[in-house]
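The exchange below asks how certain labels are justified in this structure. Each reply sets a value against its cut-off and then concludes.

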Amino acid sequence: MYFINHEQIDGRIQFLTVLAEASQQLEVQWAQGKQDLIWQLSQERVLHLAIETVTDIGSLLIDAFILRDASSYEDIVEIVHGEGAYSESLTETLLQLVKLRKPLVQDFVEWQRQDLHPLIPVLPAAFEEFAASVRAFIKSELE
């Protein structure tokens, strides 16, 4: 086992609450018909930050406990899931999320920003489960 950077993990887990709140605000704005360009771009940024936050946490867990390299963002999610850190259903949601990275950062011109992305309403509950699962995983690994 290597060094566990609790401070970085905890900071990123706490940041998930910010992203969950932003996701809820985005959902409200879309329901009210207020999806102007600023909200559209905000949605993209929330998704992008969600991807980076989840994969940062996954990378920190891999570095601390699993001791093997991930070859992609999807691999980070799958490796940590394979070690029992979170459920199959959460894994599916996280994989859907991280697969958005390339379209968001490379194909942004073609991104369909007029619609609320289907993951936005799912993210708050997913982040809550993810945070609890990561904390439980760390605790069990340290016992």
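**Burial in H3 and charged pairs**

In this predicted model, helix H3, which spans residues 73-82, has Asp75, Ile76, Val77, Ile79 and Val80 as buried residues.

Q: What covers the buried residues of H3?
A: The cover includes helix H2 (37-66) and helix H4 (88-98). Just after H3, Gly84 takes a positive phi of about 85°.

Q: Why is the contact between Arg113 and Glu44 called a salt bridge?
A: The rule asks for a side-chain nitrogen of Lys or Arg within 4 Å of a carboxyl oxygen of Asp or Glu. The side chains of Arg113 and Glu44 meet at 2.4 Å, N to O, and the pair is therefore a salt bridge by that cut-off. Arg113 belongs to the loop between helix H5 (101-105) and helix H6 (123-142), while Glu44 belongs to helix H2, so the pair ties together parts that are 69 residues apart in sequence.

Q: Why are Arg113 and Glu44 called buried?
A: Buried means under 20% relative accessible area. Arg113 has 16% relative accessibility and therefore counts as buried, and Glu44, with a relative accessible area of 10%, is buried as well.

Q: What makes Glu52 and Arg101 a salt bridge, and which parts does the pair tie together?
A: Their side chains meet at 2.7 Å, N to O, which is within 4 Å, so the pair satisfies the rule. Glu52 lies in helix H2 and Arg101 in helix H5, so this salt bridge ties together parts that are 49 residues apart in sequence.

Q: How do you know whether Glu52 and Arg101 are buried or partly exposed?
A: The cut-off for buried is under 20%, exposed is over 50%, and partly exposed is in between. Glu52 has a relative accessible area of 18% and is therefore buried, whereas Arg101, with a relative accessible area of 26%, is partly exposed.

Q: Why does the pair of Arg68 and Glu83 count as a salt bridge?
A: The closest N and O atoms of Arg68 and Glu83 are 3.6 Å apart, a value within the 4 Å cut-off, so the pair is a salt bridge. The pair links distant parts of the chain, 15 residues apart, with Arg68 in the loop between H2 and H3 and Glu83 in the loop between H3 and H4.

Q: Why are Arg68 and Glu83 called partly exposed?
A: Arg68 has 42% relative accessibility and Glu83 has a relative accessible area of 39%. Partly exposed is the class between under 20% and over 50%, so Arg68 and Glu83 are partly exposed.

Q: How many salt bridges does this rule give?
A: The count comes to 5 salt bridges.

Definitions and conventions:
Residues numbered from 1 in each chain as written. Predicted model: local features only at pLDDT ≥ 70, side-chain atom pairs only at ≥ 80, totals over all residues. Heavy atoms only, no water. Buried < 20%, exposed > 50% of the residue type's maximum accessible area, 1.4 Å probe, protein only. Helix = DSSP H or I, 4+ residues; strand = E, 2+ residues; numbered from the N terminus. Contact = heavy atoms within 4.5 Å.
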